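Reader: Could you take me through the aromatic rings in this one? I'd like a close look at who pairs with whom, and then how that sits in the chain around them.

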Amino acid sequence: MPYWEISTPAAAFTPEQRVALSTEITTIYTTHANLPAFYVVILFKAMPEDSMFVGGTPNNNFVRIRADHIAREFDSSDIKALFMAEVESVLAPHVKDRGFDWEIHFDETDFELWRVQGLVPPAPDSDVEKQWATQNQPTPYDRVSP
Amino acid sequence: MPYWEISTPAAAFTPEQRVALSTEITTIYTTHANLPAFYVVILFKAMPEDSMFVGGTPNNNFVRIRADHIAREFDSSDIKALFMAEVESVLAPHVKDRGFDWEIHFDETDFELWRVQGLVPPAPDSDVEKQWATQNQPTPYDRVSP
Amino acid sequence: MPYWEISTPAAAFTPEQRVALSTEITTIYTTHANLPAFYVVILFKAMPEDSMFVGGTPNNNFVRIRADHIAREFDSSDIKALFMAEVESVLAPHVKDRGFDWEIHFDETDFELWRVQGLVPPAPDSDVEKQWATQNQPTPYDRVSP
């Protein structure tokens, strides 16, 4: 689950900067939702000049993030606001403080239409999920009918 | 908000053609929904040969658009149909009349899981949104608890 | 409708392998849902080294699929599970058996916010949809008000 696509100017992030940013994003989820780290997938998309348009004008200084949440669903507006504030605080040194424009939005998608290494992901906060988090990898498990 | 990804053959649109198309798409939203122009983000994705498949066959003459609506939600089937007709009329000279195949679909995502330059976007049709539209940029504002 | 984006290491799939995989994916939909083959759109995205991160670490051996379903909506958890199992069995020889890591998730989006070649797609399982499937192309048709 969280699946992030980060579209950026081609030279915006070095591999080292990508590691740093994606590690910090991962930590949001491992810390606040106890997700296995490997659930956090981030794709960096290097966009060529004049391929990102804002209001009809090319913006070659723009970081645009779209992301899907699959493993968890927010259950209140307050929690959404807290999460978004946390995301912004993580992005700030990598994006805002470096002078980029930026925008981000999330969608929430269906837990049941998701597979990791061919496996049905365990229920949120279940023992198996905790085990996956500790191992930081998915392993087959016995699924019990509800 | 509207966030469009336009996947095209690599040479399909010159920078000037991208400006023209993205400007016309922007105008749909500024005219019909009074959105700030800068809300309209369009990414052009130049696809290499044999990377787009339709029914199992490569289609190197295909324009495929997927887009998310965030700032507004349609509230009736009639309005959706009107919107889609407007989109098609804007696309026609750029896509249909140039002989491309094309397809488009939209998703609607959660207003609360969206930030622009780190700011909580103002409520639809609020005074602050109108101000952002006039200025064509986001500026901090006092948020009042509901 | 089904709209798949398959992000892969740059050299993961030859054009022939893309044809084979996308043909088999298409067959899932034509066989089980009687969809027209041309509804199945698959974009292969060749990702450069160190642009896909899993848990903060680059994974250059990763196949990540995100897809939207538009033409049909699943109506039970059981059918979702059957579908996902079928998808995994199709992916296995192309992905799992070749030693890639992989993950997949689907979203379901609004039928009314979708157009194919500018046309309103016919209702699921309607005579027009069957005709489109037989022809394997969309053609204009008389729409009757409900």
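Author: Sure. Searching the whole structure turns up 39 aromatic pairs over all chains. A pair here means rings of Phe, Tyr or Trp (its six-membered ring) with centres within 6.5 Å; planes under 30 degrees apart are stacked, over 60 edge-to-face, and the rest tilted.

Take Trp4(A) and Phe106(A): their pair is edge-to-face, with 5.5 Å centre to centre and 80° between the planes. This pair ties together distant parts of the chain, since Trp4(A) belongs to strand β1 (residues 3-9) of chain A and Phe106(A) to strand β6 (residues 101-108) of chain A, 102 residues apart. Helices (H or I, at least four residues) and strands (E, at least two) are DSSP runs, numbered from the N terminus. Trp4(A) and Phe106(A) are both buried, where buried means under 20% relative accessible area, exposed over 50%, and partly exposed in between (1.4 Å probe, protein chains only).

Then there's Phe74(A) with Phe83(A), a tilted pair at 5.0 Å centre to centre and 45° between the planes. Phe74(A) has a relative accessible area of 18%, so it counts as buried. Phe83(A) is buried too, because its relative accessibility is 9%.

Some rings form a cluster: ring pairs link Phe38(A), Tyr39(A), Phe111(A), Trp114(A), Trp132(A) and Tyr141(A).

Rings also meet charges. In chain B, the charged end of Arg98(B) sits over the ring of Phe13(B), 5.3 Å from its centre; in chain C, Arg98(C) has its charged end over the ring of Phe13(C), 5.4 Å from the centre. "Over" means that NZ of Lys or CZ of Arg is within 6 Å of the ring centre and within 35 degrees of the ring normal.

As for the surroundings, chain A has three helices and seven strands, running β-α-β-β-β-β-α-β-β-α from the N terminus. Its C-alpha trace spans about 55 × 30 × 25 Å along the principal axes, and 55% of its 146 residues count as buried. Among chain A contacts (heavy atoms within 4.5 Å) between residues at least 6 apart in sequence, 70% join residues at least 24 apart.

Some housekeeping: this is a predicted model, so local features need pLDDT of at least 70 and side-chain atom pairs pLDDT 80 or more, while totals for chains, interfaces and linings use all residues. Residues are numbered from 1 along each chain as its sequence is written, chains are lettered from A and ligands numbered from 1 in the order written, and side-chain values use heavy atoms, leaving out hydrogens and water.
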